[in-house]
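Good morning, and thank you for joining. Please have the sequence and the structure open in front of you while I speak.

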Protein chains: 2
Amino acid sequence: MERITAHYLIETPYEVAKAAMVLAGEQSSGTFVETPGETLELKQRFGAKIENIEILESVNQPAIPGPSTSFGKYHRAKISVSWSLENFGFNLPVMLSTLQGNLYEITQFTGLKLMDIDFPNSFVSHFRGPKFGIKGTRELTAVPTGRPLIGTIIKPSIGMDVETTATLVKTLLEAGIDFIKDDELMGSAANSPFDKRVNAIMKVIQNHADSTGKKVMYAFNISDEMDAMQRNYDKVVERGGTCAMISINSVGLSATKKICDRGSLAIHAHRNGWGMLNRHPLLGIEFKAYQKIWRLAGVDQIHVNGIQNKFWESDESVVRSIEACRESLNKGFEVLPVVSSGQWGGQAFETYRQTKTTDLLYMAGGGIMAHPSGPAGGVAAIQQAWQGAIQGWDMETTADHHKEFAQSVAKFGKIK
Amino acid sequence: MERITAHYLIETPYEVAKAAMVLAGEQSSGTFVETPGETLELKQRFGAKIENIEILESVNQPAIPGPSTSFGKYHRAKISVSWSLENFGFNLPVMLSTLQGNLYEITQFTGLKLMDIDFPNSFVSHFRGPKFGIKGTRELTAVPTGRPLIGTIIKPSIGMDVETTATLVKTLLEAGIDFIKDDELMGSAANSPFDKRVNAIMKVIQNHADSTGKKVMYAFNISDEMDAMQRNYDKVVERGGTCAMISINSVGLSATKKICDRGSLAIHAHRNGWGMLNRHPLLGIEFKAYQKIWRLAGVDQIHVNGIQNKFWESDESVVRSIEACRESLNKGFEVLPVVSSGQWGGQAFETYRQTKTTDLLYMAGGGIMAHPSGPAGGVAAIQQAWQGAIQGWDMETTADHHKEFAQSVAKFGKIK
């Protein structure tokens, strides 16, 4: 029977091989003593198997402080553990509980992070994956290959009424934007009830589409309880929308998959809360593993932060995340990386240099809204930045050629 | 308008008040520059408000290693931040994205943990909460107040066929157990298809109930995709079951709430994956805050680890968790704490001394299954331990009076 293999980065004050065996034992028989009925045959067929151990450095302080502070050395290693598909079939939550369950609680580890997962083809084939992904999102927005989609977020995140929002959307459409999204803090607020917001915004988008032939994609934040999400989804479909946003960590896997399965709208996966799962170098889950789970669930677009972002994440990590989204998951399932956080166009050069791709949804909030010439200037500046980056220009040369981008450099280039 | 207040433990190399303002700003307007339309009036009505700051110690090393290593001092503090209910209404996922979203990514923090949440009564009243909770679980299992429910987990976690499982269940019923659960690694496996397992186990439980009047509660692990969970739930109801288990972190909030809302079965919330969210003292979420969210969703029983457990968690933390579950959430909503991990009866004394409650589901896996006199001896030993603990005896006195408990002490008392 085929197996799923999980790759972990671990730290332990004990012998690495012994700690790995504790992990495999916890995620197989799951108790602290041998129990009757746990035969060798059972263990071989259903037990977790340690596939590989690669010893790394040792350190003097535990990565995660805790009760086990009486040890002198903490050994780091990469370990790979596999489970038979027979154990959980195609049940994603039970698979998660196997790969990411009680093992984080094991005393023998002072650090444990899930780095990557290898799935057999037969497992991946069971899932539909992203219905739209990179190609479908380009089709829905009529953005040809060769440049990224330019997107923005309605800001301020909270407090704006529906009419003001719709007016802002109109301005952004006229500015040439490809994609707009609700903020994740905005669901159905007193000042902006969901249905009213969808009605007002889709009217503006439809009018613009009727006169230009381009239907801009708007990601309405449908995150809510299950039934409310379904109703919100229906509302967006009914008004001719093409996209819905879900805060995937807040909503959770099973409800998100249920929404993805419907397949009428592209699903924009917002990973807010991600820092909690990833910020520590030796705890939680690495994006490479994380995005695979959500691609199996069927999201079409997923956030990856951005180069020189305003958050803690390093550029190297962002580049790895972009590459991870674009890598084929066995047979496809490419998901569109959503580049955001403090972006204003200036990062286009480094983003393109390091990823060599334009298959991105490049999001700017303040970088568009607060442009000296207004949102139209902001969109133009980002398009100019990407044109410059693709033809091999640097920031200065691009600013010399384009007025709006020069204004962006003057205003945002100094913010750190 | 009433507000929800979140209490965080934070660490920052910057001035604490300034870092707190960055948090409040990110979770209000959410961008790095002032945007047009963000008026003072909007900010006052919808913005996050810093309610309190309590400065704690400063340290020389950041709690979470990262790029900001050039600072000499890292200041710790408790900060309280509030948001108006107007912002998200009764939408739990959007509330989570507000309290636990992008703020974990803010560069200004080298540590951030959500410690507690205060809800206004009007917010809590909107939710039904646990349908069964402590009282309802006692009623369903016919366990009177004055002693904990004694439970066990089917072990080995994986690989056992349905017939062997049903035979084991029969043995456990005859041993006098109150509660049995599937392991979280077991959903619908090749060796134990869900429906077949429910049929076989409920037949044994129903027969036992018919002859004794006591229907033992079995928590079937229904964790799966949304539709499959609904189908699994129906199956348990159809066969007369009283409980379903959900791996809440793997399944997620919206799908779990949808299942809780049905209200025909007690919901056993397994928190596997919890270590990832809580193990670091300055990252993630504390159990006191976590369990409130799940009580609003409506779970009836929730895991809290156990005193002297086999995992990393300290006894103090376990005691705090038990107290948190039993505390009234504004108007009630008490949830039954599930004490587990390495429990065999020996911990009853310390558990009772420190919590002074018997409103517990006291779970032992190996402690029952691997008892020298078999499972019946294991259940008897745990019941004896609790009787001893309640009457103020210590472990030795209890062992002197009870043969089965003495056997447990001899076998498990040495395992560390």
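I shall take the two copies, then the barrel, then one helix, and finally the cysteines.

A word on provenance: this is a predicted model, and every value I quote is computed from it.

Let me begin with the relation between the chains. In general, a rotation about an axis and a shift along that axis relate two copies of a chain. Here, a turn of 180° with a shift of 0.0 Å along the axis lays chain B on chain A, and the RMSD is 0.0 Å. The two copies are therefore related as by a two-fold rotation axis. Within chain B, Gly252(B) has the C-alpha nearest that axis, at 1.8 Å. As for the contact itself, the same surface serves both copies, since 98% of the contact residues of chain B recur in chain A.

I turn now to the barrel. In chain B, eight strands close into a barrel, in the order 5-6-7-8-9-11-12-13, with parallel pairing. On average, and ignoring direction, neighbouring strands of this sheet are turned by 25° against each other.

Strand 9 of chain B, residues 266-270, deserves a closer look. How many of its residues are buried? Five of its five residues are buried. Both faces are covered: on one side lie Ala266(B), His268(B) and His270(B), and on the other Ile267(B) and Ala269(B), all of them buried.

This strand has partners within the barrel. Strand 8 of chain B, residues 243-247, runs parallel to strand 9 of chain B and is joined to it by five bridges. In that pairing, Ala266(B) of strand 9 has Cys243(B) opposite. Strand 11 of chain B, residues 301-303, also pairs with strand 9 of chain B in the parallel sense, here over two bridges. In this case Ala269(B) has Ile302(B) in strand 11 as its bridge partner.

Further along the barrel order, strand 12 of chain B, residues 336-339, and strand 13 of chain B, residues 361-363, make a parallel pair over two bridges. There, Val338(B) stands opposite Leu361(B) of strand 13.

Next, helix 8, which I describe first in chain A. At 1.5 Å a residue, the 13 residues from 226 to 238 should span 18 Å, and the end C-alpha atoms are indeed 18 Å apart. Its buried residues include Met226(A), Met229(A), Tyr233(A), Lys235(A) and Val236(A). After the helix comes Gly240(A), with a positive phi near 80°.

In chain B, helix 8 contains Lys235(B). Is Lys235(B) buried or exposed? With a relative accessible area of 11%, Lys235(B) falls under the 20% cut-off and is therefore buried. Beyond its neighbours within four places in sequence, Lys235(B) is in contact with Phe194(B), Asp195(B), Val198(B) and Asn199(B).

Finally, the cysteines. How many disulfides does a search of the whole structure find? The count is zero over all chains. Why is Cys243(A) without such a bond? The closest cysteine sulfur, in Cys260(A), is 11 Å from the sulfur of Cys243(A), which is too far for a bond. For comparison, the cut-off for a disulfide is sulfur atoms within 2.5 Å. Cys243(A) counts as buried, at 0% relative accessibility.

In chain B, the sulfur of Cys260(B) has its closest cysteine sulfur in Cys243(B), at 11 Å, and that too is too far for a bond. Cys260(B) is likewise buried, at 1% relative accessibility.

That concludes the presentation, and I welcome your questions.

Key:
Residues numbered from 1 in each chain as written. Chains lettered and ligands numbered in written order. Predicted model: local features only at pLDDT ≥ 70, side-chain atom pairs only at ≥ 80, totals over all residues. Heavy atoms only, no water. Least-squares fit on C-alpha atoms with pLDDT ≥ 70 in both. Contact = heavy atoms within 4.5 Å. Pairing = 2+ DSSP bridges. Helix = DSSP H or I, 4+ residues; strand = E, 2+ residues; numbered from the N terminus. Axes fitted to C-alpha atoms, helices over the stretch in contact; angles between N-to-C directions. Buried < 20%, exposed > 50% of the residue type's maximum accessible area, 1.4 Å probe, protein only. Expected span 1.5 Å × (residues − 1).
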